[in-house]
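Me: Hi! Could you walk me through this structure? I'd like to ask things as I go.

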Amino acid sequence: MGHHNPLRDSRDLRLPRIAGPCSLVIFGVTGDLSRKKLLPAVYDLASRGLLPAGFALVGFGRREWSDEDFVAYVERSVRERARTPFDEDTFRHLAEGMRFVRGEFDDAAAFEQLSKTVSELDRLRGTRGNHAFYMSVPPSAFPIVSRQLADSGLAKSDKGAWRRVIIEKPFGHDLQSARELNRVVAEVFDPDSVFRIDHYLGKETVQNLLALRFANTMFEPIWNSNYVDHVQITMAEDIGIGSRAGYFDGIGIARDVIQNHLLQLLALTAMEEPVSFSADDLRAEKIKVLSAVRLPEDLSLHTARGQYSAGWQGSEQAVGYLQEQGVNPDSTTETYAAVRLDIDTRRWAGVPFYLRTGKRLGKRVTEIAVVFKRAPHLPFEQTSTSELGENAIVIRVQPDEGVTLRFGSKVPGTAMEVRDVNMDFSYGNSFTEASPEAYERLILDVLLGEPPLFPTTKEVELSWQILDPIEQYWATLGQPQAYRAGTWGPKEADEMLARDGRCWRMP
Amino acid sequence: MIVDLPGTTTAQISQRIDAMHEERGEAAQGRVLTLLIATTDNRLEEALEIANGASREHPCRVIAVVPHEDSDDGHLDAQLRFGADAGAGECIVLHPTGALTQHLDTLVIPLLVPDVPVMAWWLGEVPENPSLEPLGAIARSRITDATHSADPAAAFAALRANWNERDTDLSWTRLTIWRALLVSMLDQPPYTAIREVTVQGSHGSLPVDLLASWLALKLQVPVTIDRDAEGGLMGVVFHREDGDLSIRRTGPFDEQAVIEQPGQMDQHLSMPKRSLEECLSEEMRRLEPDVVYGEVLAEGWNLVNHD
């Protein structure tokens, strides 16, 4: 903008960044995500003083609500879910800028009304023509909402003001649909104002991973095929599909989780050091490594899928996937998926990356395990090291964010015996309690216009290129192998690793 | 859990802490810093409560030192607090007497967590020169709070004269939200030139002086302090060619403020007062020297009339 703010000083590290005047328009405001996450996060930002005085919140939905009904709905959600204590005054200020616009997505008049509402807010609340649109709606509704925003003139901004759009994953269900989706959104919004959000992958996680790899000297020298045997990336959920049958059935967990989350974790683990941590440089490295990913030649030997059957997940009884409400009883949708991927670069030649994800597994955990080769020579009696496994660095993403180092240590006693031990660092101990929830961070980044660390069009397309052939192969198979709820997945997955002479870690 | 150790030694204290960790099955690693608190009997509980709150974000070992100079034997009473009584860490309270009070640095050295930064915080009277205090000299960052001393102006004058880059006074930390808001106000158009600034506040409020000094330094325009108000820092007015842009609290001690600007509707916002715990947490988050604060003390302060 050419304006230099004389009070701003890059050396002034104390100052939190406060978003400029703007409004946040949420489509699908009555949905679960909005009620449980978005609205409480907006309040938490306000109570931390990070929202501007000129802030407005507009809900767009089908219900016959007045502004007052909407305010009451937001208040309930905030009281239930916000992590900062409820303060009447803070909420009152926020509520003064809340509006509700009733309508269907195909109703041009409703968007006309929305357009009037935001320009009125520009005047009354001083939001200055800056508007962010949060699409908390099914992907099938993106095209029509984008179109309507364009037609009502909402998608384009005046000079000096901005418009941004926030899209949640999934970004399509294969390469073709992802391209189509990108095309529709790109027609209306310019690429820099599209924020693709994968809420599994908080910015904090990405930054922790970057810090571990690139701020230290002790890991990088061994982060390659000379020392690494293989890498396992796991995202396990203990819950079933819950009420998401309508979305999940026919889509499956590979599209839901591997395509975005696990491939992003793979990219961050495997990429070369970016020349800087700017969004562009980071993106360049992720794209390089994703484009070097190679699929196994025989997919039948190196992929596995499963579907949970009835059982007990921990102490809770669980129905099988096919008995879940809303699921087609003949469904061949997988709830567990594992794949082997190789990366054709000097750093990773010959080091397989095993990705697995599933629902109704042993417990909820996301982790990246870098497993090292055994020492080339062990100057001990064979019996001394029979209990010694492979060294590993495990990056725990959630819950209990942190890092575990696994190595051999002598068992106390007169006999020389070496066994695996763990050394732990927990972010949970050291830095979390008051660390901002992922959604707060995310909304604030959008309002500030911080270049996101989230996947770009190119990354999304590369990820589909990796997954599409696997999905096509799986579509030719019948029923996925059943696994009992609460276990670590189907036999097929264990056999898949056994073929390579390896086994899955128990997270 | 609270353990009293009357007439003890630092070696016994260390042993007892190790034993407690073992018994309770927790590891003492994970601590990210050691917080030394210099305080007095009557403020000890307050100090520990604040430190415990802050330790939830930054797990630390807290060592509170309460010297009793008047008794003349060199004697040490201690108390250990663990678990629910100690936030996310452990607390050691030391009551040295007599000659021991002259050697507070070597008293705490055996008890510091290895290899992590040490922070010293004075709750109560402010030392004239924190970096020369025995507890201050071994600390990587030194936190004082002149606002709450008997004569804030005199205490702060001494701190300013003896300032070292590792020193921070909480009067500055209390301004963070205000400063962030002022920065964001100037981010918005119209970017007309500021001719003059008025800072409104009460007599004897250090944050008022510091904010005025910061503005004078950064904007390089005349800044005057209007001390007619009550209740600490009350407001800031930027006098610009096209009119005044201002932010004011709605009343003394109110946690609400209003931003006024020509041609715009008034904007109301919350201005919660910052608790000591939040201020201390902010200091723990960043242990590097604060260069901006240093410049405000060295240069900005003299640009403003503080009467």
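Me: Let's start with two helices. How do α5(A) and α6(A) run, roughly parallel or roughly perpendicular to each other?

Reply: Happy to help! One thing to keep in mind is that this is a predicted model. Helix α5 (residues 142-151) of chain A and helix α6 (residues 175-188) of chain A pack at an angle of about 10°, and their axes are 9 Å apart. Angles under 35 degrees count as roughly parallel, and therefore α5(A) and α6(A) are roughly parallel to each other.

Me: Nice. Which residues make the contact?

Reply: From α5(A) there are A:Phe142, A:Pro143, A:Ser146, A:Leu149 and A:Ala150, and from α6(A) there are A:Leu181, A:Val184, A:Val185 and A:Val188. In the contact of α5(A) with α6(A), eight residues are nonpolar, one is polar and none is charged.

Me: Staying in chain A, how is it divided into domains?

Reply: Domain 1 of chain A covers 22-168, and domain 2 covers 203-437 + 454-499. The C-alpha centres of these two domains of chain A lie 36 Å apart.

Me: What about strand β3 of chain A, is it mostly covered or mostly open?

Reply: Strand β3 (residues 98-102) of chain A is mostly covered, with four of its five residues buried. Strand β2 (residues 55-61) of chain A runs parallel to β3(A), and five bridges join the two. A:Leu57, for instance, has A:Met98 in β3(A) as its bridge partner.

Me: And A:Ser426, why does that one count as partly exposed?

Reply: A:Ser426 has 18 C-beta neighbours inside 10 Å, so A:Ser426 counts as partly exposed. You can find A:Ser426 in strand β17 (residues 418-426) of chain A. The C-alpha atoms of A:Ser426 and A:Thr487 are 26 Å from each other, and the two residues are 61 residues apart along the chain.

Me: OK, switching to chain B. How many helices and strands are there?

Reply: Chain B has ten helices and 14 strands. The C-alpha trace of chain B spans about 70 × 40 × 30 Å along its principal axes. Of the 307 residues in chain B, 42% are buried.

Me: What are the domains of chain B?

Reply: In chain B, domain 1 is 2-169 and domain 2 is 176-270. The C-alpha centres of domain 1 and domain 2 of chain B lie 37 Å apart.

Me: I see sheets in there. What is the strand order in the one with eight strands?

Reply: The order is β1-β4-β5-β3-β2-β6-β7-β8 (chain B), in an open sheet with mixed pairing. At the edges are β1 (2-5) and β8 (167-169) of chain B, each pairing on one side only. On average, neighbouring strands of this sheet are turned by 15° against each other, direction ignored.

Me: Which strands of chain B do five bridges join in that sheet?

Reply: Those are strand β2 (residues 33-38) and strand β6 (residues 118-122) of chain B, which run parallel. B:Leu36 stands opposite B:Ala120 in β6(B). Helix α1 (residues 10-24) of chain B also packs on the sheet, where α1 touches β1, β4 (76-81) and β5 (90-96) of chain B.

Me: Now the sheet with six strands. Why is one side of β10 and of β14 in chain B left without a neighbour?

Reply: The order in that open sheet is β10-β9-β11-β12-β13-β14 (chain B). Both β10 (223-226) and β14 (267-270) of chain B stand at the edges and have a single partner strand each, so one side of each has no neighbour in the sheet.

Me: Who is the partner of β10(B), and how many bridges join them?

Reply: Strand β9 (residues 194-201) of chain B runs parallel to β10(B), and four bridges join them. Within that pair, B:Thr198 stands opposite B:Thr224 in β10(B).

Me: Which helix of chain A lies across β13 and β14 of chain B?

Reply: That is helix α3 (residues 88-96) of chain A, running at about 150° to β14(B).

Me: So the chains touch! How many residues are in contact?

Reply: 33 residues of chain B are in contact with 30 residues of chain A. On the side of chain B that touches chain A, α7(B) gives the most, with nine residues. The residues on that side of chain B divide into 16 nonpolar, nine polar and eight charged.

Technical notes: Residues are numbered from 1 along each chain as its sequence is written. Chains are lettered from A and ligands numbered from 1 in the order in which they are written. This is a predicted model: local features need pLDDT of at least 70, side-chain atom pairs count only at pLDDT 80 or more; totals for chains, interfaces and linings use all residues. Two strands pair if DSSP finds at least two bridges between them. Two residues are in contact if their C-beta atoms, placed from the backbone, lie within 7 Å. Axes are lines fitted to C-alpha atoms, for helices over the stretch in contact, and angles run from 0 to 180 degrees between N-to-C directions. Angles under 35 degrees count as roughly parallel, over 145 as roughly antiparallel, 65 to 115 as roughly perpendicular and the rest as oblique. Ala, Val, Leu, Ile, Met, Phe, Trp, Tyr, Cys and Pro count as nonpolar, Asp, Glu, Lys and Arg as charged, and the others, Gly among them, as polar. Domain bounds come from an automatic or database domain assignment. A residue is buried if 20 or more other C-beta atoms lie within 10 Å of its own, exposed if 12 or fewer, and partly exposed in between; C-beta atoms are placed from the backbone.
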